[in-house]
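Work through the exercises below with the model open. Try each task before reading its solution.

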Amino acid sequence: MDECKDPNSRMLFNSLGGFSSVNHLHFHLLNMTGISPDKHTPIERAALLTPTLSSNRRPGVVLHLIDTSAAGWGCAAFVLESSPTSPIDAITAAVDDIVLALYASGIPFHLLFVTSRKIYVIPRQNQAVQERTAGLRQAAFEVVGVQVCLGPHQWDNTTWSEFMERLRSTVSLEPSLLQVVAQRAGWTSEMVSHAPTFHQGMSCPRDYCGNTILLVHRHNAAM
């Protein structure tokens, strides 16, 4: 994306199970000029939940979850952003963490590259659960909010609310499942991301907990 001279261009990817035809690296290019008034895909306008998640392994990169409440976006997704001063490979490694966790869990996904420092990872239900009705499918373009129809009849007879409901019913995963995937990939709430590990704390218990009583529940470490 750093080499792209047009800031209105986006790059997208479908995994197997997410309408990829074969198992290969096949990317789609999309230019939002003339498609959207602000030249952003609709998913980019979706509200983000707080707090953000962070990983000690990927400093300089934060992970957001998209708001999927009734007034929010139609499918749950991760949004990864890196600071301008962090190495460019920090965000690619962070995306790799999430993608490998999805592969290990057998979850298909889509990628949306907005810039080289802002990337969406959109886990989804397997395409096998979705029927191609009303001339619509839910691949990379559709899950970011760009409808691709088979003809003018389908376009004229599909409302935005119906489109969002289709995403909720045939694409979106439960947000709680995304939390599990994030934890497997090493992402936690910023409130606890910098907390010491058990063994770091126990290397000098008095420095860690002072004169308080420390209770450890179901831990196998030898004291």
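**Exercise 1. A helix across the sheet**

Which strands does H1 lie across, and at about how many degrees does H1 run to S7?

Solution. The model is a predicted one. Start with the strands: H1 lies across S4, S5, S6 and S7. Then take the angle: H1 runs at about 5 degrees to S7. Now turn to H5, which lies across S3, S4, S5 and S7. Its angle to S5 is about 40 degrees.

**Exercise 2. The order of the strands**

Give the strand order of the sheet and find the strands at its edges.

Solution. Step one is the order. The open sheet has 8 strands, arranged S2-S1-S6-S7-S5-S4-S3-S8, with antiparallel pairing. Step two is the edges. S2 and strand S8 (188-189) each have a single partner strand, so one side of each has no neighbour in the sheet. Step three is the link behind such pairing. Strands of a sheet pair through backbone hydrogen bonds.

**Exercise 3. Strand S1 and its two partners**

Describe the burial of S1 and trace the bridges that methionine 11 helps to place.

Solution. Begin with burial. In strand S1 (residues 9-14), 5 of the 6 residues are buried. Next, count the bridges on each side. S1 and strand S2 (residues 27-31) run antiparallel and share 5 bridges. S1 and strand S6 (residues 109-115) are also antiparallel, with 4 bridges. Then fix the register at methionine 11. Its bridge partner in S2 is leucine 29. In S6, phenylalanine 113 stands opposite methionine 11.

**Exercise 4. Pairing S4 with S5**

How many bridges join S4 to S5, and which residue of S5 is the bridge partner of leucine 65?

Solution. The two strands run antiparallel and are joined by 5 bridges. For leucine 65, the partner in S5 is phenylalanine 78.

**Exercise 5. The two faces of H5**

Sort the residues of H5 by burial and find what its buried residues pack against.

Solution. First, list the buried residues. In helix H5 (residues 175-184) these are Leu178, Val181 and Ala182. Second, look down the axis of H5: its buried residues fall within an arc of 100 degrees, so they line one face of the helix. The spacing fits a general rule. Residues three or four places apart in an α-helix point the same way, because there are 3.6 residues a turn. Third, check the face turned away from the buried side: there sit the exposed residues Gln183 and Arg184. Fourth, find the contacts. The buried residues of H5 pack against strands S3 (53-54), S4 (61-65), S5 (78-82) and S7 (118-123), and against helix H1 (88-105). Last, step past the helix end. Just after H5, glycine 186 has a positive phi of about 90 degrees.

**Exercise 6. Aromatic pairs around phenylalanine 13**

Classify the ring pairs of phenylalanine 13 with phenylalanine 27 and with phenylalanine 109.

Solution. The structure holds 6 aromatic pairs. For phenylalanine 13 and phenylalanine 27, the ring centres are 5.3 Å apart and the planes stand at 40 degrees, so the pair is tilted. Phenylalanine 13 lies in strand S1 and phenylalanine 27 in strand S2, so the pair ties together parts 14 residues apart in sequence. Phenylalanine 13 has 7% relative accessibility and counts as buried. Phenylalanine 27, at 35%, is partly exposed. The pair of phenylalanine 13 and phenylalanine 109 is tilted too, at 6.0 Å centre to centre and 40 degrees between planes. This pair links strand S1 to strand S6, with the two residues 96 apart. Phenylalanine 109 is buried, at 2% relative accessible area. Finish with the group: Phe13, Phe27, Tyr103, Phe109 and Phe113 form one aromatic cluster.

Conventions: Residues are numbered from 1 along each chain as its sequence is written. This is a predicted model: local features need pLDDT of at least 70, side-chain atom pairs count only at pLDDT 80 or more; totals for chains, interfaces and linings use all residues. Side-chain values use heavy atoms; hydrogens and water are left out. Buried means under 20% relative accessible area, exposed over 50%, partly exposed in between (1.4 Å probe, protein chains only). The arc is that of the directions from the helix axis to the C-beta atoms. Contact means heavy atoms within 4.5 Å. Two strands pair if DSSP finds at least two bridges between them. Axes are lines fitted to C-alpha atoms, for helices over the stretch in contact, and angles run from 0 to 180 degrees between N-to-C directions. Rings of Phe, Tyr and Trp (its six-membered ring) pair if their centres lie within 6.5 Å; planes under 30 degrees apart count as stacked, over 60 as edge-to-face and the rest as tilted.
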